[in-house]
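Welcome! Here are some exercises to help you find your way around a new structure, each with a solution worked out in steps. Keep the view open and try each task before reading on.

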Amino acid sequence: MLTHPRNEPMTERMTGAQALVRALEHVGVDTVFGIPGGAILPAYDPLYDSTKVRHVLVRHEQGAGHAAEGYAQATGRVGVCMATSGPGATNLVTPIADAYMDSVPIVAITGQVASAAIGTDAFQEADISGITMPITKHNFLITDADDIPRTIVEAFHIASTGRPGPVLVDISKDALQAQTTFVWPPQMQLPGYRPVTRPHSKQIREAAKLIAEAKRPVLYVGGGVHKAGASHELLRLAELTGIPVVTTLMARGTFPDSHPQHMGMPGMHGSVSAVGALQKSDLLIGLGVRFDDRVTGELSSFAPNAKVVHADIDPAEISKNRHADVPIVGDAREVIGELIGAIEAEGRKGDYAEWRALLDGYKETYPLGFEEFADGSLAPQYVMQRLSAIAGPDAYYVAGVGQHQMWAAQFVDYERPGSFINSGGLGTMGFAVPAAMGAKMGRPDATVWAIDGDGCFQMTNQELATCALEGVPIKVAVINNGNLGMVRQWQTLFYDKRYSNTDLQTTRRIPDFVKLADAYGCVGLRCERPEDVDATIRKAMEINDVPVVVDFVVHQDAMVWPMVAAGTSNDDIKFARDMAPVWDSED
Ligand SMILES: Cc1ncc(C[n+]2csc(CCOP(=O)(O)OP(=O)(O)O)c2C)c(N)n1
Ligand SMILES: [Mg+2]
């Protein structure tokens, strides 16, 4: 009997490597970042012919991983990186851990030695699935070509659904070389994987009741809200209730900075108003957050009078660090949508006028500020303010890790969800340049500024070669304080100014970042004085055919304030050295 060909699955004989590339095309991959080598070489051959998948040859596999993360965060799609076995795969470990900590959906594809050689310490053998077991959402080792298409579909499904995260697919060389029958679409075999997205209605009603009864509620918003695409719902919930909002490092822009209900970023370097809001609250409504230690400070004195509503897609997060009075498992968009419905159904509204007035008072009395230097040298915070004003809210800002990252979080105004991309959980130096490259490839029409430290920049700036050759005109602001500044800040405060191994001596222009930019085929600019900042940024904004690197030479003594010293209570926040805010007398 003849059946209509459209009703039949597509089948075709090909190699495992061809099946891999075909599967990547079918799941919609358009960009892969990677470096070839022996074990993955069979996959690079059919990749050469693909008209749908663009492979970007990076200079270091760490760059491939961060680029995949930047691409994923700027597009909301799964980022893909590829490496060979052994050292290629182990170079992906840092970005995989980074993606795991920040719930970024990436799929890492690695070649493995031939299956008969696995476990023999063969040349370039590393047990990458074993190594990455604790830092992947899931990982696969494929030794049979027939399993390749199905596993690719499963990997993309797992990476992008529920709580997003990195998935590793390790494929032995013989599986890539073997003949197989390509069948599409394959049937997923993930019987145990069913993330809960719909929240329990009883818990939602309970939360709505607590919200109506609270006197001092706070919407404590984390990275999960933007990941769920729930920023519109968040705005509706906030405006419906009038509850003040704080946005964590991973949530900057999810709620507009300019909104009067926004109290800023909480945490170690958060604003007094945001930290105060949490500490003085009687109800924390945690949405897509994980009560990270950088936010809570000393856990035992965190928000001591608050009941907790905690909504997260990952049940493992709930009550992990702080007991949740009302636990809600679900997708943030559905949770917030249902909360809005339940609050409307409750009919009664809380009265938070006094609470808002108290927090507005903190905001006014303790705004973010910084020290300017009498010698006319440049304050890094001023650079951020001008970047923000000139590049505007439509740009993407991608930070490295250290003081410059915190200034980028504090002094750039974020109005748009997802416009700040950084390494939050792992704090990975070297993140910015490759992640900015990935973001720019995902959003070619957007302006993408990497805000990097002189230390971080020296870890991954080789991807500027990739950017220059592949036509990815990112802009890099190197905040050059000549030091591993954040570590130096701790030495200033806690180690009696004993500056052990934090002076990078970049003041000697080793390396000279302008010449380095030039060597990479980029434009290099330098700015050392406040009066030149605007003109320099404008010049960088005008160059759109090649990457631009601006060496902003700033004062080495600039510090990040406010600060809650590690392990101490949020109540002991300092907004400048030895300067503590005065909380209200009734507390
Ligand atoms: C890979 C890695 N190594 C070490 C650290 C510890 N660390 C955190 S911030 C920092 C200094 C970063 O220096 P720089 O890039 O110049 O940024 P700055 O703080 O000066 O703005 C270091 C060494 C880290 N976070 N990541
Ligand atoms: Mg530095």
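## Exercise 1: Strand E11 and its partners

In strand E12, lysine 307 is the bridge partner of leucine 283. Keep in mind throughout that this is a predicted model.

**Task.** Find which strands pair with E11, and in which sense.

**Solution.**
- Step 1. Start from E12, residues 307–312, which pairs with E11 in the parallel sense over 5 bridges.
- Step 2. Turn to strand E9, residues 217–221, and E11, residues 283–287: these two also pair in the parallel sense, over 5 bridges.
- Step 3. Check single residues. Proline 217 stands opposite leucine 283 in E11, and valine 218 stands opposite leucine 284.
- Step 4. Follow E9 to strand E10 (residues 245–247), to which E9 is joined by 3 bridges, running parallel. Here valine 221 has threonine 247 of E10 as its bridge partner.

For background, strands of a sheet pair through backbone hydrogen bonds, either parallel or antiparallel.

## Exercise 2: Two faces of a strand

**Task.** Work out which residues of E11 point one way and which the other way, then do the same for E9.

**Solution.**
- Step 1. Recall the general pattern: in a regular strand the side chains alternate between the two faces of the sheet.
- Step 2. Apply it to E11. Leu283, Ile285 and Leu287 point one way, while Leu284 and Gly286 point the other way.
- Step 3. Ask about burial. In E11, 5 of the 5 residues are buried, so the strand is largely enclosed by the rest of the structure.
- Step 4. Repeat for E9. Pro217, Leu219 and Val221 point one way, with Val218 and Tyr220 pointing the other way. E9 is mostly covered too, as 5 of its 5 residues are buried.

## Exercise 3: Helix H1 and serine 50

**Task.** Decide how far helix H1 is enclosed, and find which residues serine 50 is in contact with.

**Solution.**
- Step 1. Count along H1, residues 16–26: 8 of its 11 residues are buried, so the helix is largely enclosed by the rest of the structure.
- Step 2. Name some of them. The buried residues of H1 include Leu20, Val21, Leu24 and Glu25.
- Step 3. See what comes after H1: glycine 28 follows, with a positive phi near 95°.
- Step 4. Move to serine 50, in the loop between helix H2 (41–47) and strand E3 (54–57). With neighbours within four places in sequence left aside, serine 50 is in contact with Val21 and Glu25.
- Step 5. Judge its burial. The relative accessible area of serine 50 is 13%, and buried means under 20%, so serine 50 is buried.

## Exercise 4: Glutamate 69

**Task.** Is glutamate 69 buried or exposed, and what does it touch?

**Solution.**
- Step 1. Locate glutamate 69 in helix H3, residues 61–75.
- Step 2. Read its accessibility: at 0% relative accessibility, glutamate 69 counts as buried.
- Step 3. List what it touches beyond four places in sequence: Pro95, Asp98, Ala99, Val104, Ile106 and Phe431.
- Step 4. Link back to Exercise 1. Between glutamate 69 and leucine 283 there are 34 Å in space, C-alpha to C-alpha, and 214 residues in sequence.

## Exercise 5: An open sheet and a loop

**Task.** Find the edge strands of the open sheet of 6 strands, then place asparagine 544.

**Solution.**
- Step 1. Write down the order, E15-E14-E16-E17-E19-E18, with parallel pairing.
- Step 2. Look at the ends. E15 (420–421) and E18 (523–527) are the edge strands, each pairing on one side only.
- Step 3. Look inside the order. E14 (residues 396–399) and E16 (residues 448–453) pair over 4 bridges in the parallel sense, and alanine 399 has isoleucine 451 of E16 as its bridge partner.
- Step 4. Find asparagine 544 in the loop between helix H23 (533–542) and strand E19 (548–553). Leaving aside neighbours within four places in sequence, asparagine 544 is in contact with Pro473 and Lys475.

## Exercise 6: The whole protein

**Task.** How many helices and strands are there in the protein?

**Solution.**
- Step 1. The protein has 23 helices and 19 strands.
- Step 2. Its radius of gyration is 25 Å, close to the 25 Å that the globule rule gives for 587 residues, so the protein is as compact as a globular protein of that length.
- Step 3. Of the 587 residues, 58% are buried.

Methods
Residues are numbered from 1 along each chain as its sequence is written. Chains are lettered from A and ligands numbered from 1 in the order in which they are written. This is a predicted model: local features need pLDDT of at least 70, side-chain atom pairs count only at pLDDT 80 or more; totals for chains, interfaces and linings use all residues. Side-chain values use heavy atoms; hydrogens and water are left out. The radius of gyration is taken over C-alpha atoms; the globule rule is 2.2 Å times the number of residues to the power 0.38. Buried means under 20% relative accessible area, exposed over 50%, partly exposed in between (1.4 Å probe, protein chains only). Two strands pair if DSSP finds at least two bridges between them. Contact means heavy atoms within 4.5 Å.
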